[in-house]
Amino acid sequence: MWPLRPRPPELARVVAHYNHRARVYDRNLFTRFIGRAELQALLQLLPPADQALDYGCGSGRVALALAQRGYQVTAYDPAERMLALAREKARRAGLAMQFVPQRALLASQRFQLVTCVGVLDYYPSAAPLLRELAGLTVPGGYLLISAPNALSPLGHAYRLLASPQLPVHPRVPQALWQEAQAVGLRPLACRYAFPALPPAGMTVLLLLQRPAGR
Ligand SMILES: C[S@@+](CC[C@H](N)C(=O)[O-])C[C@H]1O[C@@H](n2cnc3c(N)ncnc32)[C@H](O)[C@@H]1O
């Protein structure tokens, strides 16, 4: 029912980029500053759930925050050097989490909450990734996704800064909301980050629900 995934050549390029960047990823002050603002917005949208999957967990920003709030977290990232950073941070913080380096290892699993932050940025079409995330969510469960905001000048500044290394695709929030509906997901709420001002924030975060019975 939710068959599509991001095309492998795009994924391979993104993974190579993040494996290359992992060594300096957490040292970038700009990324850390924006990252904190995004996390604050995301925390406002957290729904009740026991098990959560952080899809594209990177160095663990969201996954660790979820674990600290009592979710049983599975953290997946195909860039093994990014996943290693997350694993090491969780170890130092004494947080028990599952770390998954390959999508295939999630095949039979479904989660009450799936978070996917800073991943959609790299995919020209949102629908394949939204279907993929929906397929990992239990009916009635929740998805929390982010995208660069095409209505924000900062969203375009991010696109320009990132594009020499990796093309980034800002999205109009209303269009993303409609794309989610088109793949059968129910949009519940929206927040903006950096700044937390609708509709000017650089990042838009959407809370979605996979309808029960689908
Ligand atoms: C900008 S980082 C964000 C990391 C983390 N989610 C956060 O918010 O701090 C993007 C991460 O997404 C991962 N990623 C990109 N495309 C992906 C895909 N199709 N499936 C899973 N992970 C992906 C990358 O390997 C990278 O670690």
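Phe194 lies in the loop between β6 and β7, where helices (H or I, at least four residues) and strands (E, at least two) are DSSP runs numbered from the N terminus. Its phi is positive, about 60°, although Phe194 is not a glycine. At 18% relative accessibility, Phe194 counts as buried; the term stands for under 20% relative accessible area, with exposed being over 50% and partly exposed in between, for a 1.4 Å probe and protein chains only. A cis peptide bond, with omega about -5°, joins Phe194 to Pro195. Pro198 and Pro199 are likewise joined by a cis peptide bond, with omega about -5°, and Pro199 is also found in the loop between β6 and β7.

I should state the basis of these remarks. The model is predicted, so local features need pLDDT of at least 70 and side-chain atom pairs count only at pLDDT 80 or more, while totals for chains, interfaces and linings use all residues. Residues are numbered from 1 along each chain as its sequence is written, and side-chain values use heavy atoms, with hydrogens and water left out.

Let me turn to the sheet. Seven strands form an open sheet in the order β3-β2-β1-β4-β5-β7-β6, with mixed pairing; two strands pair if DSSP finds at least two bridges between them. The edge strands, each pairing on one side only, are β3 (98–100) and β6 (186–193). Neighbouring strands are turned by 15° against each other on average, direction ignored; the axes are lines fitted to C-alpha atoms, for helices over the stretch in contact, and angles run from 0 to 180 degrees between N-to-C directions.

Why is strand β1 (residues 51–55) described as largely enclosed by the rest of the structure? Four of its five residues are buried, so the description follows. Strand β1 runs parallel to β2 (residues 72–76), and five bridges join them; Tyr55 has Tyr76 in β2 as its bridge partner. The chain passes from β1 through helix α3 (residues 61–68) to β2 in a right-handed β-α-β crossover, meaning that, with the strands pointing away from the viewer, the path from the first strand over the helix to the second runs clockwise. Three bridges connect β1 with β4 (residues 111–116), again in the parallel sense, and Asp54 is partnered by Thr115 in β4.

Antiparallel pairing appears between β5 (residues 137–148) and β7 (residues 203–209), over seven bridges, and Leu143 stands opposite Leu208 in β7. Helix α3 packs on the sheet, touching β1, β2 and β4, and its direction makes about 170° with that of β2; contact here means heavy atoms within 4.5 Å. Helix α5 (residues 127–135) also packs on the sheet, touching β1, β4, β5 and β7, at about 145° to the direction of β5. Eight of the nine residues of α5 are buried, including Leu129, Leu130 and Glu132. Among the elements covering them is α7 (173–182).

Finally, the ligand. Which residues are closest to the ligand? They are Gly56, Arg61, Asp77, Val117 and Tyr123, out of 21 that surround the ligand, a residue being near if one of its heavy atoms lies within 4 Å. A polar side-chain atom of Arg61 is 2.6 Å from a ligand oxygen atom. A ligand nitrogen atom lies 2.7 Å from a backbone N or O atom of Val117, and a polar side-chain atom of Tyr123 lies 2.8 Å from a nitrogen atom of the ligand.

Technical notes. Polar contact = N/O pair within 3.5 Å; in protein donor to acceptor, adjacent residues only side chain to side chain.
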